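Biologist: I should like to learn how the packing of helices and the surroundings of a metal are read from a model. May we take the features one at a time?

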Amino acid sequence: MAQKEDTSKPPGKRRSLMNWIYFALFALIFLPYILPSLTGTSPQEITWKYFEEQILPDRVVDKIEVVNNELADIYLKPDSLNKPKYRLLNQKNIFGASAGGPQYVIRIGSVDVFVRDLEKAQANVPQSQQIAVKYVKQENWLGNVLSWVLPFLLIIGLWFFLFRGITKTPGGTGAMSPFNFGKSRAVMTDKNTNSKITFKDVAGYDELKVEIMEVVEFLKKPENFTRLGAKIPRGVLLIGPPGTGKTLMAKAVAGEANVPFFSLSGPEFIEMFVGVGASRVRDLFEKAKNKAPSIIFIDEIDTIGRRRGRTVSIQVDDERESTLNQLLSEMDGFDEKTGVIVLAATNRADILDPALVRPGRFDRHIYLELPNKVEREAIFNVHLQPVKYDKSKVDIKLLAAQTPGFSGADIANVCNEAALIAVRQNKNIVDEMDFNEAIDKVVAGTEKKTLVISPREKEIISYHEAGHAITGWMLKNIDPLIKVSIIPRGKSLGSAWYLPEENKITTRAKFNDQLCAALGGRAAEALQFHEISSGALDDLEKATKLAYSMVALLGLDAKVGNVSFYDSTGMQEQTFQKPYSDSTAALIDEQVRNLLNGAFERASAILEKNHDKLDQLAKLLQEKEMVFREDIEKILGKKADG
Ligand code: ADP
Ligand code: MG
Ligand code: ZN
């Protein structure tokens, strides 16, 4: 379990503090409304006309106070309040005392007019009995203060509210408050942390484990290495496609290394407020240095480590850049004695800033590739441990063979999915059918059982898939097929599964065969129905991309020649400029089209020669919907080995 690094107040205490803050906020907002009922009565508002006609003649007015040149507060003589007419005004406040007034208030437009009117109205009253007018300036201090303070309070309230939300996000690791905002929220794992992941949980990658542990050994016993003048690496970068277990590997290092391990994900550096990233980096390194020897792990480092100064957007980049710069300078600040190693993971090593991967920073690169067959088997074994499956029927070797190109994460998904499928069918044990379905599901998205295909469509799809199968079977360089299906899945209609051999180098002949097999579906449609359909979109896309890479990237076309317009630095995509002339572009297009047309013709020729077999396989597909290798062999004979 991850453990919180900075021990802030326990959540209960924090909550009651929050409640007090909310209470104070509400009290301040509602105080102005509550106050009058506590201290006295609010005067009755009247017009000048009413005052002149109804009240003035009674001679009950004690004094008038003009407040802020806006209001005329009218105070009655205390004894007059006992008269029946005014008794109602003799209100008591909640303490039972008689309120002192004012009893009436007149909203006045202009003080001059008011005074003139008053004088006129009292023209025949003796001077000594005329009402005195006092001018007062009343500071509405509460209102004033509130108008200043309230916005701040609201902002702070909102702030707390937001942070409360953040703390609750999944994996929200630290107590967030406005006061530790610039602090990193790194999760620290050390030897006291239980339930840890170790190398046992990571299947395969044996050499990589040794390599990584060597780095950890550096950390623990630097003398052994510095003795002969070797430098301790500062940064180790784990590179590999998504789901290959980079994060898992780092967690396992944490479990094995027995040193404090701080982990944080790239996106966590960059949040909604500017300037946070850099200070979080600083804080993270500070913490790690205090606990040295220790390891820092930054997951998804490409979010902050992206090459600088290339993109068009400015706002986000500024923040990221300052975060990156801070990271770079922190890493420069280490020396052998610091005893901190930075581990990072990314699946986009190509976009990392060169400054980040130069010697002295992330100078060790460890590549995690997609697992091969043997490794997939090992990964299956890890993830099948908790699954109750039929050991007599489920062949793990076959599962591994059926899942080329799957990442570790995909395989974990297959195992879980298979168990779910078995549960859904109320089985007591997971069997091989469940695994097959799970693999299909992961390959091509959820099986669409409800998608209805008309008989005509089924016929077309069956010929299309049979076309792929037969061209592939007849071509020397195509991997043997394991099954063909016309059950629609995800966005593709039927599909054909191959068992690829895993080679690093592909010959031109093999590429050509691949193009041919990819277009075999469409060729079969054309042959059988003298018409082509929209069902070949996927095939066309794949074939077109393949052809382009043959011509423009791999130097496999005679006319275009031994050039490659591949750009491993990634600079090119930013400039939107092609590194070749218009005439070369036209030539590339032409050669791609020639390649594709040639492949289509080849596929057509193969199918024409085997039209009877095409019919047979298509019929069988329409009948069974899924045809396995044995049946294919019955129709087509053994595949000529490639
Ligand atoms: P990445 O960080 O490379 O994208 P993760 O480390 O998050 O991939 O891997 C996702 C999941 O895939 C892991 O939690 C684990 O279940 C599974 N997995 C990946 N590689 C392996 C492996 N070599 N052995 C066992 N499980 C693996
Ligand atoms: Mg990851
Ligand atoms: Zn197809």
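Biologist: At what angle do the axes of helix α18 and helix α19 cross?

Modeller: Two packed helices are described by the angle between their axes and the distance between the axes. Here the axes of α18 (residues 508–529) and α19 (residues 537–553) come within 9 Å and cross at roughly 160 degrees. That makes α18 roughly antiparallel to α19. Angles under 35 degrees count as roughly parallel, over 145 as roughly antiparallel, 65 to 115 as roughly perpendicular and the rest as oblique. Axes are lines fitted to C-alpha atoms, for helices over the stretch in contact, and angles run from 0 to 180 degrees between N-to-C directions. Helices are DSSP runs (H or I, at least four residues), numbered from the N terminus. This is a predicted model, in which local features need pLDDT of at least 70 and side-chain atom pairs count only at pLDDT 80 or more, while totals for chains, interfaces and linings use all residues. Residues are numbered from 1 along each chain as its sequence is written, chains are lettered from A and ligands numbered from 1 in the order in which they are written, and side-chain values use heavy atoms, with hydrogens and water left out.

Biologist: Which residues of α18 and α19 meet?

Modeller: Contact means heavy atoms within 4.5 Å. From α18, Arg508, Phe511, Asn512, Gln514, Leu515, Ala518, Leu519 and Arg522 meet Asp539, Leu540, Ala543, Leu546, Ala547 and Met550 of α19. By class, this contact of α18 with α19 has 9 nonpolar, 2 polar and 3 charged residues. Ala, Val, Leu, Ile, Met, Phe, Trp, Tyr, Cys and Pro count as nonpolar, Asp, Glu, Lys and Arg as charged, and the others, Gly among them, as polar.

Biologist: Which residues coordinate the zinc ion (ligand 3)?

Modeller: Donors are N, O and S atoms within 2.8 Å of the metal (3.2 Å for Na, K and Ca); water is not among the atoms, so sites may look incomplete. The zinc ion (ligand 3) is coordinated by NE2 of His464, NE2 of His468 and, listed twice, OD of Asp539, at 1.9 to 2.7 Å. In sequence, these donor residues are spaced H-x3-H-x70-D. His468 in helix α17 (residues 455–474) and Asp539 in helix α19 are 71 residues apart, and the pair links distant parts of the chain.

Biologist: What is the geometry of the site of the zinc ion (ligand 3)?

Modeller: Ideal angles at a metal are 109.5 degrees for four tetrahedral donors. The site of the zinc ion (ligand 3) is irregular, with angles of 54 to 144 degrees among its 4 donor atoms. Four donors count as tetrahedral if all angles lie between 85 and 135 degrees; four count as square planar and six as octahedral if opposite donors are over 155 degrees apart and all others between 65 and 115; anything else is irregular.

Biologist: How far apart are the axes of helix α2 and helix α4?

Modeller: The axes of α2 (residues 48–55) and α4 (residues 111–121) are 12 Å apart, and the helices pack at an angle of about 20 degrees. That makes α2 roughly parallel to α4. In α2, Trp48, Phe51 and Glu52 meet Phe114, Asp117, Leu118 and Ala121 in α4.

Biologist: At what angle do helix α13 and α15 pack?

Modeller: Helix α13 (residues 373–384) and α15 pack at about 45 degrees, with their axes 9 Å apart. That makes α13 oblique to α15. Ala419 lies in α15 (residues 408–424), and Ala419 touches Val387 and Val430, not counting residues up to four places away in sequence.

Note on methods:
Helices (H or I, at least four residues) and strands (E, at least two) are DSSP runs, numbered from the N terminus.
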